[in-house]
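Notebook open, structure loaded. I'm going through the contacts one lookup at a time and jotting down what comes back.

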Amino acid sequence: MITTSNLSKTYNGKTVLKIDTLDIPKGQSFGLVGNNGAGKTTYFSLLLDLIQPTTGFITTNSIQVNKSENWKPFTSAFIDESFLIGYLTPEEYFYFIGELRGQNKADVDKLVTEFEDFFHGEILGQKKYLRDLSKGNQKKAGIVAALIGHPEVVILDEPFANLDPTTQIRLKAIVKDLAEKQGITVLISSHDLLHVTDVCERIVVLEKGEIVKDLITNEATLKELELHFAN
Amino acid sequence: MVKHFLNLEWKSFFRSPSFQANLFLKIIMGFSALCMIVSFLGSGFVVYHLLEKKLNLDPLATINKILIFYVVFDLVIRYFLQKMPVLNIKPLLNLSIKKNTIVHFALNKTVLSFFNIVHAFFFIPFSVVLVLEGYPFLNVLGWHLSIFALIYCNNFITVFVNNKDAVFYAVISIFLILGGLKYYTIFDITDYTASLFQAFYNTPFLALIPIVILVFLYITAFKYFKKNLYLDAGLAKKATIVQNEDLAWLNRFGSTAKFLKNDIKLIKRNKRSKTTLLMSFMFLFYGLLFFTGIEAYKGPFMKVFAGIFVSGGFLFTFGQFVPSWDSAYYPLMMSQNIRYKEYLSSKWYLMVIATVISTILASFYLYFGWQAYAAIVVGAIYNIGVNAHLVLWGGAYIKTPIDLTSGKKAFGDKSAFNLKTMLLSLPKLLLPMVVYAVGHFISGEILGFSLVAILGLTGLLFKNKVFTIIEKIYKTEKYKTLHAYKQGN
């Protein structure tokens, strides 16, 4: 589904990302871990064509993302607050995203009601603009918006950060469901090793922009990761 | 302690994004500040003789007459431009600094603001001239101190009025009405206020009154701030109760509707865009300079110039910042499947609608004869047909992120000085004037107006072509734009 070839990103002579090859098959739940500055967000930004690669390229569904825009209809993402429109209410934001992705109001309503548990009564009908919501609630709205319009690839940057424990647990169920039941390719990054091993079938560890581990998750994975980051 | 504060201020000033602009910009900024100071200084020295010799008026009485509008205008300018001191207080709260110190410093900082200092450049020379001309020193001093006390009162009033839009607009409308009544000599408020200011001169110790008011305002401001120095009080972000808006009536615009709905919400719900709206409303009255017979603005081509501005206020103030209005969520827009043409048409429709509304509102120019209004109507046609495209085109090169929630930077954004946009702005004004001139000299004003209108209508034919060009620019500049917007957020 997603193929990365000879990809690198250099700022002022400093290489921040260098991935020679990485293939992510369709329907995989894929986790990216690494310390600050390891290149996680850089990789996601390259995947969304928000920055230009210095060398190499990424293709999804055989579409090279920095050459064609045809990946956009089946890809969605929530990276940070710059994916939210602050002066809209959550409902208006969902409808807007829905319209961009060819969904009518009823479709959006149907999808959003499925996440009422996840929202915990703090998103819908709050009569507040997104910019006035707390960080955690903004994140909830952003994550659900990324699921509107039947995407085939969902990219979430640190989705667990800022969420309360209940919501973290619910989010894990959602992510698992996306990959296992709906066959959606889910890419997440996280600093929380426990969550990421819970959710992801495969975990890649980045260090200073390079892949140092590529693991298929099993019982030993968490231990292995903890050991890696302890050193 | 004050030393630390000053150190922080120094750094925040020199390290602010707007200061770290390029050299060219710094020169322009410095130059415009200098211009203001020089013109204030110059008028301070010259105005006395000008009023007395040229116009045969009593200088002090005349100044006293218009002083009320001067003071209110000062308040208006401050409301839009003067930054409030609360901004950087948060990080200081949990440090071991007494609250009194923080509040005193924040308030005293405003005293040194440019908005207060600049008045000194006018009033000090004016007062000096008064004394030199034989006015009694003590009386002039009383008058002078009163004015300064009032200007500083404005300073502290701004501290309170900040964010209370309703109060502010009420005050503005009252004074606009009073100004109108004075202009048409129905009721002259200045008769009353002039005698008040005159009283400060006649009985110098009356200056104590504004000074006492000033002290009172300072103390109130101090108490108000101290009481509100909590994260959930004065330092809290104001969260408004809002309703979802459907704006379904916009669906008639087809696929553009989704963006149009968003843009209308953008304009309605953000401080910065509301300021822009107000500014474009002001443009409506710009033409008064041209049609009320001021010498410098005469000449047939200047009518067209005025027409372009009167109808195009919104077009220029809003349009030049497309796509920067969406800078806060540009990564979202760029990762969604957006048709640039639909996005652009939405902004285009907005500008067209605003131009039409401005033209209708400007119908009061008919009072100055049909030529005045004809200039505005053809100006509007030219704006819609040609300028709307040029403005969007120029905007594509502007990469200044816009902070929607702050209204303070609506004037003098650094992006105004972009070489490419400057080049693109030439045809906006010069071309219609030249075209009008050709028609005017060949046959007369009717041909002149017709030629400009025809040019505007011809421009409409190129809409698709221009949108394609802009789309290309958006695509080639995408990464640069994303990067630039990120710096601001």
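**Entry 1: a pair across the chains**

I started with Glu99(A) and Lys261(B), whose side chains meet in a salt bridge at 3.9 Å, N to O. This pair crosses between chains: Glu99(A) sits in helix α2 of chain A, and Lys261(B) sits in helix α10 (residues 257-269) of chain B. Note to self: this is a predicted model, so every value here is computed from predicted coordinates.

How covered is each partner? Glu99(A) has 30% relative accessibility, so I log it as partly exposed. Lys261(B) comes out at 9% relative accessible area, so that one goes down as buried.

**Entry 2: the rest of the interface**

Next I looked up how many salt bridges the rule finds between chain A and chain B, and the count is six. Another cross-chain pair I pulled up is Glu92(A) with Lys265(B), a salt bridge at 3.8 Å, N to O. Which element of chain A gives the largest share of the side touching chain B? That is helix α2 (residues 90-100), with seven residues. By class, I get 15 nonpolar, five polar and twelve charged residues on the side of chain A that touches chain B.

Polar contacts were the next query. Across the interface I find 14 residue pairs in polar contact, both residues at pLDDT 80 or more.

Then the overall footprint. I count 32 residues of chain A in contact with 37 residues of chain B. The area buried between the two chains is about 3200 Å², and carbon and sulfur atoms give 53% of it. Which three residues supply more than any other three of the area that chain A buries against chain B? They are Tyr87(A), Leu100(A) and Lys127(A), which supply 21% of it.

**Entry 3: salt bridges inside chain B**

Over all chains I get 22 salt bridges. I opened two that lie within chain B.

The first is Lys347(B) with Asp326(B), at 3.0 Å, N to O. This pair links distant parts of the chain, 21 residues apart: Lys347(B) is in helix α15 (residues 340-361), while Asp326(B) is in the loop between α13 (300-319) and α14 (330-335). Buried or exposed? Lys347(B) and Asp326(B) are both buried.

The second is Lys341(B) with Glu471(B), where the side chains meet at 3.9 Å, N to O. Here the partners are 130 residues apart, with Lys341(B) in helix α15 and Glu471(B) in helix α19 (residues 463-476) of chain B. Lys341(B) is at 31% relative accessibility, so I put it down as partly exposed. Glu471(B) is buried, because its relative accessible area is 16% and the cut-off for buried is under 20%.

I then checked what else this pair is tied to. Lys341(B) and Glu471(B) belong to a network of salt bridges that also links Glu69(A), Lys72(A) and Lys475(B).

**Entry 4: chain B as a whole**

Quick tally for chain B: 20 helices and zero strands. Of its 489 residues, 47% count as buried. I also asked how far along the sequence the contacts reach. Among contacts between residues at least 6 apart in sequence, 81% join residues at least 24 apart. Chain B exposes about 24700 Å², with carbon and sulfur atoms supplying 72% of that.

**Entry 5: two spot checks in chain A**

I picked Thr4(A), which has its place in strand β1 (residues 2-11) of chain A. Thr4(A) has a relative accessible area of 1%, so it is buried. What does its side chain make a polar contact with? The partner is the side chain of Tyr43(A), at 2.8 Å. Leaving aside neighbours within four places in sequence, the contacts of Thr4(A) include Ile19(A), Leu22(A), Tyr43(A), Phe57(A) and Ile58(A).

My other pick was Lys110(A), in helix α3 (residues 105-113) of chain A. Lys110(A) is exposed, because its relative accessible area is 60% and exposed means over 50%. I also took one long distance: the C-alpha atoms of Lys110(A) and Gly13(A) are separated by 49 Å, with their positions 97 residues apart along the chain.

Technical notes: Residues are numbered from 1 along each chain as its sequence is written. Chains are lettered from A and ligands numbered from 1 in the order in which they are written. This is a predicted model: local features need pLDDT of at least 70, side-chain atom pairs count only at pLDDT 80 or more; totals for chains, interfaces and linings use all residues. Side-chain values use heavy atoms; hydrogens and water are left out. Contact means heavy atoms within 4.5 Å. Buried area is the accessible area (1.4 Å probe) that two parts lose on being put together, summed over both. A salt bridge is a side-chain nitrogen of Lys or Arg within 4 Å of a carboxyl oxygen of Asp or Glu. A polar contact is a pair of N or O atoms within 3.5 Å; within protein, one must be able to donate a hydrogen and the other to accept it, and residues adjacent in sequence count only if both atoms are side-chain atoms. Helices (H or I, at least four residues) and strands (E, at least two) are DSSP runs, numbered from the N terminus. Ala, Val, Leu, Ile, Met, Phe, Trp, Tyr, Cys and Pro count as nonpolar, Asp, Glu, Lys and Arg as charged, and the others, Gly among them, as polar. Buried means under 20% relative accessible area, exposed over 50%, partly exposed in between (1.4 Å probe, protein chains only). Accessible areas come from the Shrake-Rupley method with a 1.4 Å probe; for residues, only the protein chains shown count as cover.
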